[in-house]
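This report introduces one protein chain to a reader who has not seen it before. The sequence and the structure come first, and the description follows.

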Amino acid sequence: MLQICPVRRLNSDFSEFCYNNPVLNPDNAIEIRGLKKSFKKTVVLKGLDLEVKRGTMLALLGPNGAGKTTTVRILSTLIPPDEGEARVLGFDVVREARRVREVIGLTGQYAAVDEYLTGRENLEMMGRLYHLSREASRRRSSELLGQFDLGEVADRAAKTYSGGLRRRLDLALSLMAKPPVLFLDEPTAGLDPRSRLTMWEIIEKLMDEGSTILLTTQHLEEADKLADRIAVLDRGKIIAAGTADELKAKVGTERIEVIIDRGSNFKKAAEIITGEGKQMDEKERSLSVSTDGSVLEIKKILDGIYSAGIDIESMSVHKPTLDDVFMRLTGREAEEGTET
Ligand SMILES: Nc1ncnc2c1ncn2[C@@H]1O[C@H](COP(=O)(O)OP(=O)(O)OP(=O)(O)O)[C@@H](O)[C@H]1O
Ligand SMILES: [Mg+2]
């Protein structure tokens with residue numbers, strides 16, 4: 001079946017292009033169907049289905065070894081899938097790998113920065129790799145150095161950069177050719193809180209420019225802050241997908257944890273505290289449940305304990321973590337994935 005797609009404007013540098021593809025929904029920039037991948041006896045992806053609409057960000061959330069980087073590597077044509085299909089802007093990652101590489105930018109978990117070149121030289125070299133003229137390459141490098149707040153360190157060798165600066169340079173490198181689709185593989189892993197915030201701001205700006213982004217992360221907070229939709233990856237399968245609100249409706253917006261005083265009866269406290277996603281650890285004397293985050297609900301829980309004559313050593317309220325998500329969705333903690 002031949003289907004004529006409307007001409008779509010991607011961005012100025014990619015001008016207009018058209019694709020004929022009966023499989024792809026033209027609204028999707030990334031489409032994955034039944035993707036499987038194993039490394040020898042290690043089964044990593046077990047039939048992955050995923051869609052990312054144009055101009056939106058999907059966060060692929062999962063613990064170490066869940067298969068995030070493997071998914072990104074398949075989408076960016078670095079490794080082939082064993083089974084299934086993946087398309088980027090309608091191009092098949094196996095049969096049309098060259099076309100896919102023309103429309104994507106990749107910031108890996110392991111940065112592609114040349115240590116011995118300065119930030120500016122790294123960028124200009126990347127420009128040459130993309131066959132930009134010397135002048136265009138210089139212009140784009142300066143633009144990116146400004147945009148990523150790297151102006152001051154632009155002429156220092158990259159080996160003198162901090163982790164945060166290096167990440168920013170790596171992201172800038174992947175944007176040299178203004179790709180309409182970006183893969184950001186754990187772009188904030190290992191960054192301190194301030195560098196993480198700077199990176200978030202940069203990513204938000206990219207979203208404003210209309211890029212389609214697939215971001216991987218181990219942090220629910222990051223996915224919540226940045227992404228339009230979140231897909232939770234567990235041992236090579238998507239176990240939940242939706243907006244951050246839909247996901248939070250499942251896991252609760254906040255979690256209250258109380259540590260029961262040594263002089264009080266823990267078992268009795270455990271009977272009194274009930275609610276969604278209850279977790280307890282008798283050794284640590286910790287009890288926790290999901291709440292809607294309201295003061296009233298927290299007060300109700302505390303009143304219940306005190307009125308039974310039980311003392312609380314400490315109390316904390318925290319946002320749900322990846323572990324909370326996994327506990328609610330699978331009944332177990334997030335654990336390093338894959339089976340052999
Ligand atoms: N080239 C390879 N050869 C053998 N095993 C591999 C290879 N690449 C990945 N794996 C295994 O596949 C599994 C998934 O790895 P992957 O890197 O996709 O996980 P991830 O979700 O990105 O984890 P992390 O959060 O640690 O980056 C892991 O068990 C890993 O050891
Ligand atoms: Mg990874």
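## Overview

Helices (H or I, at least four residues) and strands (E, at least two) are DSSP runs here, numbered from the N terminus. Counted in this way, the chain has eleven helices and 16 strands. The model is a predicted one.

The chain has 340 residues, of which 37% count as buried. Take the contacts in the chain between residues at least 6 apart in sequence: 67% of these join residues at least 24 apart.

## Helix α4

Helix α4 covers residues 134-147, which makes 14 residues. From its first C-alpha to its last it reaches 20 Å, close to the 20 Å expected at 1.5 Å a residue. Its buried residues are Ser 137, Arg 140, Ser 141, Leu 144 and Leu 145. Seen down the axis of α4, these buried residues fall within an arc of 135°, so they line one face of the helix.

The face of α4 turned away from that buried side carries Glu 135, Ala 136 and Gly 146, which are exposed. What covers the buried residues of α4 includes two other helices, α3 (119-129) and α5 (163-174). After α4 comes Asp 149, with a positive phi near 55°.

## Helix α5 and its neighbours α3 and α6

The two helices that help to cover α4 also meet each other. The axes of α3 and α5 come within 9 Å and cross at roughly 20°. Angles under 35 degrees count as roughly parallel, and α3 and α5 are therefore roughly parallel to each other. Their crossing is right-handed. On the α3 side the residues that meet α5 are Gly 119, Asn 122, Leu 123 and Met 126. On the α5 side they are Leu 169, Ala 172 and Leu 173.

α5 also packs with helix α6 (residues 193-208), at an angle of about 15° and with the axes 9 Å apart. This pair, α5 and α6, is therefore roughly parallel as well, and the crossing of α5 and α6 is right-handed. In α5 the contact is made by Gly 163, Gly 164, Arg 167, Arg 168 and Leu 171. In α6 it is made by Ser 195, Thr 198, Met 199 and Ile 202.

## Helices α8 and α11

Further along the chain, helix α8 (residues 244-251) packs with helix α11 (residues 322-330). Their axes are 9 Å apart, and the angle between them is about 70°. That makes α8 roughly perpendicular to α11. The crossing of α8 and α11 is left-handed.

Three residues of α8 are named in this contact: Leu 247, Lys 250 and Val 251. They meet Asp 324, Val 325 and Arg 328 in α11.

## Helix α10

Helix α10 is formed by residues 295-307. At 1.5 Å a residue, its 13 residues should span 18 Å, and its end C-alpha atoms are 18 Å apart, which agrees.

How many of the 13 residues of α10 are buried? The count is one, and α10 is hardly covered. Just after α10, Gly 309 takes a positive phi of about 75°.

Key. Residues numbered from 1 in each chain as written. Chains lettered and ligands numbered in written order. Predicted model: local features only at pLDDT ≥ 70, side-chain atom pairs only at ≥ 80, totals over all residues. Expected span 1.5 Å × (residues − 1). Buried ≥ 20, exposed ≤ 12 C-beta atoms within 10 Å, placed from the backbone. Arc of directions from axis to C-beta. Contact = placed C-beta atoms within 7 Å. Axes fitted to C-alpha atoms, helices over the stretch in contact; angles between N-to-C directions. Parallel < 35°, antiparallel > 145°, perpendicular 65-115°, else oblique. Left-handed = near helix turned anticlockwise from the far one by under 90°.
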